[in-house]
Structures are given as C-alpha cells and as structure tokens.
Amino acid sequence: MTQKRVVQRGLWFDEFEVGVLYEHRPGRTITEADNVLFTTLTMNTQALHLDAAFADALPPFHQRLVNSMFTLSTLVGLSVAQLTQGTIVANLGFSEIAFPKPLFHGDTLYAETEVTDLRESKSRPGEGIVTFAHTGRNQHGDIVATAARKTLVRKKPE
C-alpha cells in the first residue's frame, strides 16, 4: 500500500476567492535582536531604532520603535505558508502601505490577509494575478501595518 503524502504549499490561483479573509497563525513576537539586526543589515542608521538613550528621551513614545520595513516584511512573511509557499511566481508590487501605530520590542505581530482581486494573466498562460490586502495587528488588536500586494501566482498544474 502506498502511503498518502501531503506537501505543505500555498494556494494555486484557481483556489483563491475574492473576499476570503485568512488569519495567519502563529504570530511573531518581535525582539530587540530582530530589530537591531534588520536595521543594521539594511544600513538604516535611524537612531529611533538603534539608540535607546536617544529614543527614550523623545516623546511621544519614549522608547525605540521597531523598523517599519521589518514590520512590513514580517507581515508579508507571516502569510507565505498559508497563501503562496511554492505557488507564487513573483511579487508584482506593493501599494497603500501604512503604519498607523508603531511596534515596540516585545510586541507580537499577527497577520491577516484578504483577497481583494483576481484576474488571469493576459501574457502568461497558466498564471494569474492575485491582489492581497494585508493587515498587521499587535497583541492588543491595534492595527500597526497595512499593505496591498499584487502577486503573480501559478494555476494548478494539469
């Protein structure tokens, strides 16, 4: 008897539906090490991310902020296993990016994604364009990041 195998993957273009909201779990608790590493790897010398004495002295937050590009990257990353693992061809673009509230060291980022648009590719048979609306919330449910993302996704192989 052959054992049934299940390989974790994202969804094929044909499996997406406009209006479906995906909640991605687990969340990701952001550490000081995460923030400092990402900030220094990307050559971002912003003192609000790196210099505790500087950030602690400044209102309104009086503490270091998590780098917003790390927040955006993590928000999208939290969606990969459920939506695009192994099925995406490429990210086509990001728009409508906003950070209504900051994240701080020790906060947990939770992600959810709504499919807002689907269309078959006119130039690439076997693929389609999926538009996602990503929303990131902290452990209190406050929205800390939003972004729209267009992706090119494979259709289910025949």
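**Entry 1: terms and ground rules**

I count as a salt bridge a side-chain nitrogen of Lys or Arg within 4 Å of a carboxyl oxygen of Asp or Glu. With that rule I looked up Arg 64 and Glu 32, whose side chains meet in a salt bridge at 2.9 Å, N to O. The pair links distant parts of the chain, with Arg 64 in the loop between α3 (52-56) and α4 and Glu 32 in helix α1, 32 residues apart.

I note that this is a predicted model, in which local features need pLDDT of at least 70 and side-chain atom pairs count only at pLDDT 80 or more, while totals for chains, interfaces and linings use all residues. Residues are numbered from 1 along each chain as its sequence is written, and side-chain values use heavy atoms, with hydrogens and water left out.

**Entry 2: the chain as a whole**

I listed the helices (DSSP runs of H or I, at least four residues) and the strands (runs of E, at least two), numbered from the N terminus. The protein chain has four helices and five strands, and their order from the N terminus is β-α-α-α-α-β-β-β-β. The C-alpha trace spans about 60 × 40 × 30 Å along its principal axes.

For burial I used relative accessible area, with buried meaning under 20%, exposed over 50% and partly exposed in between (1.4 Å probe, protein chains only). Of the 158 residues in the protein chain, 37% are buried. For contacts I took heavy atoms within 4.5 Å; among contacts with a separation of 6 or more, 71% are between residues 24 or more positions apart.

**Entry 3: helix α4**

I checked the length of helix α4, residues 68-83, against the expected span, which is 1.5 Å times one less than the number of residues. For its 16 residues this should give 22 Å, and the end C-alpha atoms are 23 Å apart, which agrees.

At the N-terminal end of α4, Asn 67 acts as a cap, with a side-chain oxygen 2.8 Å from the backbone nitrogen of Met 69. The buried residues of the helix include Phe 70, Leu 72, Leu 75, Val 76 and Leu 83. The buried residues of α4 pack against β1 (21-29), α1 (32-41), β2 (88-98), β3 (108-120), β4 (127-137) and β5 (143-154).

**Entry 4: the strands**

I then turned to strand pairing, where two strands pair if DSSP finds at least two bridges between them. Strands β1 and β3 run antiparallel and are joined by six bridges, with Arg 28 standing opposite Leu 109 in β3. Strands β3 and β4 are also antiparallel, joined by 10 bridges, and here Asp 117 stands opposite Thr 131 in β4. The hairpin formed by β3 and β4 has six residues between the strands, and Gly 126 in the turn has a positive phi of about 85°.

**Entry 5: the charged pairs**

How many salt bridges does a search of the whole structure find? The search finds six, and I looked at the burial of the partners in several of them. In the pair from my opening entry, Arg 64 is buried at a relative accessible area of 14%, whereas Glu 32 is partly exposed at 41%.

The side chains of Arg 137 and Glu 112 meet at 3.4 Å, N to O. Arg 137 lies in strand β4 and Glu 112 in strand β3, so this pair ties together parts that are 25 residues apart in sequence. Arg 137 is partly exposed at 26%, while Glu 112 is buried at 14%.

Arg 124 forms a salt bridge with Glu 127, with the closest N and O atoms 2.5 Å apart. Arg 124 is partly exposed at 39%, and Glu 127 is buried at 12%.

**Entry 6: two buried residues**

Phe 13 lies in the segment before β1 and is buried at 9%. Its C-alpha atom is 7.0 Å from that of Glu 127, although the two are 114 residues apart along the chain. Beyond four places in sequence, the residues that Phe 13 touches include Leu 118, Ile 129, Val 130 and Val 153.

His 134, in strand β4, is buried at 1%. I looked for a polar contact, meaning N or O atoms within 3.5 Å, one able to donate a hydrogen and the other to accept it, where residues adjacent in sequence count only if both atoms are side-chain atoms. The side chains of His 134 and Thr 113 are joined by one of 2.9 Å. Leaving aside neighbours within four places, the contacts of His 134 include Leu 75, Val 76 and Ser 79, which are among the buried residues of α4.
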